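Got the viewer open? Here is a short tour, stop by stop, with something to select at each one.

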Amino acid sequence: MQAVAPATPKSWYLPTKPHKFCPGCGHGIVLKALGDVIDELEIQDKTIFGCDIGCSLLSWDFFACDSTQTHHGRTTPVMVGIKRARPELITIGYMGDGGGYSIGSQHLLNAAVRNEKVTLILVNNTNYGMTGGQMAPTTLPGQKTETTPFGRDPELTGYPTKGPEFIAQVTPDNAYVARATVSKYNQLRRFIRNALRNQIEGNGFSFVEVLSTCPTNWRTNAQQTWHFLEDEMEHYFPVGELKNPFGKGGK
Amino acid sequence: MSKELKPITFPMEKAVFYIFPDYCKGCGLCKEKCPNGVLVWSEKLGVYGTPTVKPKDEDSCIACNICEMVCPDCAILIERIRQKKAL
């Protein structure tokens with residue numbers, strides 16, 4: 001009788017598992033979907049995975065493919081450089097909302113305007129997780145964090161960044177822009193597959209923002225975690241494809 | 001090479017539920033996401049010394065696979081049992 005093995009994607013690097021993310025962290029679900037898609041498209045041997053600083057850097061040894069870890073917010077230009085030097089490789093940039101929307105937003109914006117043929121996955125958990133849960137550009141109005149103990153006041157600190165909306169405004173029509181959530185796993189996997197397919201076919205920029213969970217810094221239990229993600233975050237940040245060169249229902 | 005992982009097996013009516021305590025961190029996302037409320041805390045401890053989950057009975061699981069999908073650590077494996085067609 002064959003021993004039962006966990007349903008880990010084939011592209012995961014198993015000696016580093018269980019991974020280092022907190023219990024209940026959404027990064028594991030996003031990376032599981034990404035691993036599933038890498039297996040499905042059979043691109044493990046030509047994939048370059050780049051991760052940012054922040055909680056997302058804990059994925060540096062996650063995949064059994066070539067990985068790099070870059071300076072804060074500089075995953076986008078590093079991935080663009082690798083893609084320009086070796087256009088046959090598939091480059092996947094993986095970052096958090098701090099790396100993508102605050103310190104790295106210049107690179108994200110310029111790469112989107114130039115329509116670079118890279119895939120970027122941005123995980124949005126509405127705070128800076130690794131440094132202890134401070135306010136991030138995506139913190140919802142009224143949400144309590146370490147640096148906004150009375151709730152974020154939009155009069156004082158402005159409104160949250162809606163990343164896919166602003167990327168969709170500056171990219172041409174052959175870019176792929178979507179927002180997914182970890183509570184809908186099949187949809188998340190479909191969006192990541194479309195984003196990678198867009199890069200493989202050489203169409204243009206592919207960007208997927210994923211709404212994720214952070215029970216450690218939200219100070220929530222499992223039930224409150226799902227409530228905050230599904231009822232508050234998905235209400236403020238609408239989930240769906242904003243720009244899809246494959247047309248509606250492209251699967 | 002990674003070490004061999006030993007699952008705890010719970011055979012049920014429509015599926016076999018495997019939980020790998022070496023991967024389970026006890027976050028409880030699967031327990032809250034289950035549409036039928038099948039999962040409960042078990043006495044077995046996971047990798048962080050937190051309780052793992054187990055199905056409460058044999059007939060309430062509908063084999064929808066949602067717990068396997070939302071597990072960030074791939075600690076759950078659902079194996080559907082092919083139903084015999086009624087004659």
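Start by selecting helix 6 of chain A, which lies across strand 4, strand 7, strand 8 and strand 9 of chain A. Relative to strand 7 of chain A, helix 6 runs at about 170°. Keep in mind as you click around that this is a predicted model.

Now show side chains on helix 6 of chain A, residues 163-170. Which of its residues are buried? They are Gly163(A), Pro164(A) and Ile167(A). Look down the axis of helix 6 of chain A: the buried residues fall within an arc of 90°, so they line one face of the helix. To see what that face packs against, add helix 3 (97-102) and helix 4 (105-114) of chain A, then strand 4 (119-124), strand 7 (176-181), strand 8 (206-211) and strand 9 (240-243) of chain A.

Next stop, the sheet. Colour its seven strands in chain A in the order 2-1-3-4-8-7-9. The sheet is open and its pairing is mixed. At the edges you will find strand 2 (66-69) and strand 9 of chain A, each pairing on one side only. On average, neighbouring strands in this sheet are turned by 15° against each other, direction ignored.

Zoom in on strand 3 (residues 90-96) and strand 4 of chain A, which pair in the parallel sense over five bridges. Pick Tyr94(A) there, and you can find its bridge partner, Ile121(A), in strand 4 of chain A.

Hold on to Ile121(A), because it turns up again in the largest nonpolar core, where it is one of the residues with the most contacts inside that core. The core has 73 residues, and Val30(A), Ile192(A), Val208(A), Val210(A) and Cys30(B) are also on that most-contacts list. Helix 1 (residues 27-41) of chain A contributes the largest share of this core, seven residues.

Select Ile192(A) and its surroundings: leaving aside residues up to four places away in sequence, Ile192(A) touches Ala33(A), Leu34(A), Val37(A), Ile121(A) and Val208(A). Another core, of six residues, lies apart from the largest one, and Phe21(A), Cys25(A), Leu58(A) and Cys214(A) are among its members.

Last stop: where the chains meet. How many residues of chain B are in contact with chain A? There are 27, facing 24 residues of chain A. Helix 1 (29-33) and helix 2 (66-70) of chain B each supply at least two residues of the side touching chain A, and helix 1 of chain B gives the most, with four. Colour that side of chain B by residue class and you get 15 nonpolar, four polar and eight charged.

Conventions
Residues numbered from 1 in each chain as written. Chains lettered and ligands numbered in written order. Predicted model: local features only at pLDDT ≥ 70, side-chain atom pairs only at ≥ 80, totals over all residues. Contact = placed C-beta atoms within 7 Å. Nonpolar A, V, L, I, M, F, W, Y, C, P; charged D, E, K, R; others polar. Buried ≥ 20, exposed ≤ 12 C-beta atoms within 10 Å, placed from the backbone. Arc of directions from axis to C-beta. Pairing = 2+ DSSP bridges. Axes fitted to C-alpha atoms, helices over the stretch in contact; angles between N-to-C directions. Core = buried A, V, L, I, M, F, W, Y, C linked by C-beta atoms within 7 Å.
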